[in-house]
Amino acid sequence: MHKQLKPADLRSNPNYSQGIEVAPGQRFVAVAGQTGQRADGSVPDGIAAQADLAWANVMTVLREAGMGPEHIVHYTSYLVAGTDTVPYDEARLRHLGAARPASTKIYVAGLARPQLLCEVQAFAAAPERD
């Protein structure tokens, strides 16, 4: 679907692509930062539960557009500094499946609510719908 860019002059990583090329004429969706927050506003304890929910929320937005993880071209992960990244990465890879979009991971002092430990913003592209 999308072309992974893997320049030989850059370090290779099996968990993401250095770049993604999107074919002309594709629909583009920007997914606002999704946190580990349920529809009722409650937030589960711990990074593992929050990461799983944040990524599930990203997938919910993509489904609304008729897309899935294979359509993500780039995402940015925001983690509160000092948070254990292993459970976050496990949730991320579980939700992405075989998709390896381009990505950025940023550590921040805090998010919109003190109990939030992670946030995910994503961009996706897919062929026009019929």
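Two residues count as being in contact here when they have heavy atoms within 4.5 Å of each other. Keep that cut-off in mind, and keep in mind too that this is a predicted model.

Let's start with Thr35, which sits in strand 3, a run covering residues 27–35. Skip the neighbours within four places in sequence, and Thr35 is in contact with Leu53, Ala54, Asn57, Leu116, Cys118 and Glu119. Is Thr35 buried or exposed? The relative accessibility of Thr35 is 11%, and buried means under 20%, so Thr35 counts as buried.

One of those contacts, Leu116, is worth a visit. Leu116 belongs to the loop between strand 5 (102–108) and strand 6. Its relative accessible area comes out at 4%, so Leu116 is buried as well, given the 20% cut-off. Beyond four places in sequence, Leu116 touches Thr35, Gly36, Val43, Gln50, Val80 and Leu111. For a sense of distance, take Gln18: its C-alpha atom is 28 Å from that of Leu116, with the two positions 98 residues apart along the chain.

From that loop, follow the chain into strand 6, which spans residues 118–126. Which strands does strand 6 pair with? Strand 3 is one of them: the two pair in the antiparallel sense, over 7 bridges. Look for Val31 in this pairing, as it stands opposite Ala122 of strand 6. Strand 4, residues 72–80, also runs antiparallel to strand 6, and 7 bridges join them. Here you can pick out Ser77, which stands opposite Val120 in strand 6.

As background for reading strands like these, side chains in a regular strand alternate between the two faces of the sheet.

Now stay on strand 4 and find His74, which is part of it. How accessible is His74? With a relative accessible area of 22%, His74 falls between the 20% and 50% cut-offs, so it is partly exposed. Leaving out residues up to four places away in sequence, His74 touches Pro101, Ala102, Ser103, Thr104, Gln121, Ala122 and Phe123. Ala122 may ring a bell: it is the strand 6 residue that Val31 stands opposite.

Two of the residues around His74 come with distances. The side chains of His74 and Thr104 are joined by a polar contact of 3.3 Å. Gln121 lies 47 residues away along the chain, yet its C-alpha atom is separated from that of His74 by 8.5 Å.

Methods
Residues numbered from 1 in each chain as written. Predicted model: local features only at pLDDT ≥ 70, side-chain atom pairs only at ≥ 80, totals over all residues. Heavy atoms only, no water. Helix = DSSP H or I, 4+ residues; strand = E, 2+ residues; numbered from the N terminus. Buried < 20%, exposed > 50% of the residue type's maximum accessible area, 1.4 Å probe, protein only. Pairing = 2+ DSSP bridges. Polar contact = N/O pair within 3.5 Å; in protein donor to acceptor, adjacent residues only side chain to side chain.
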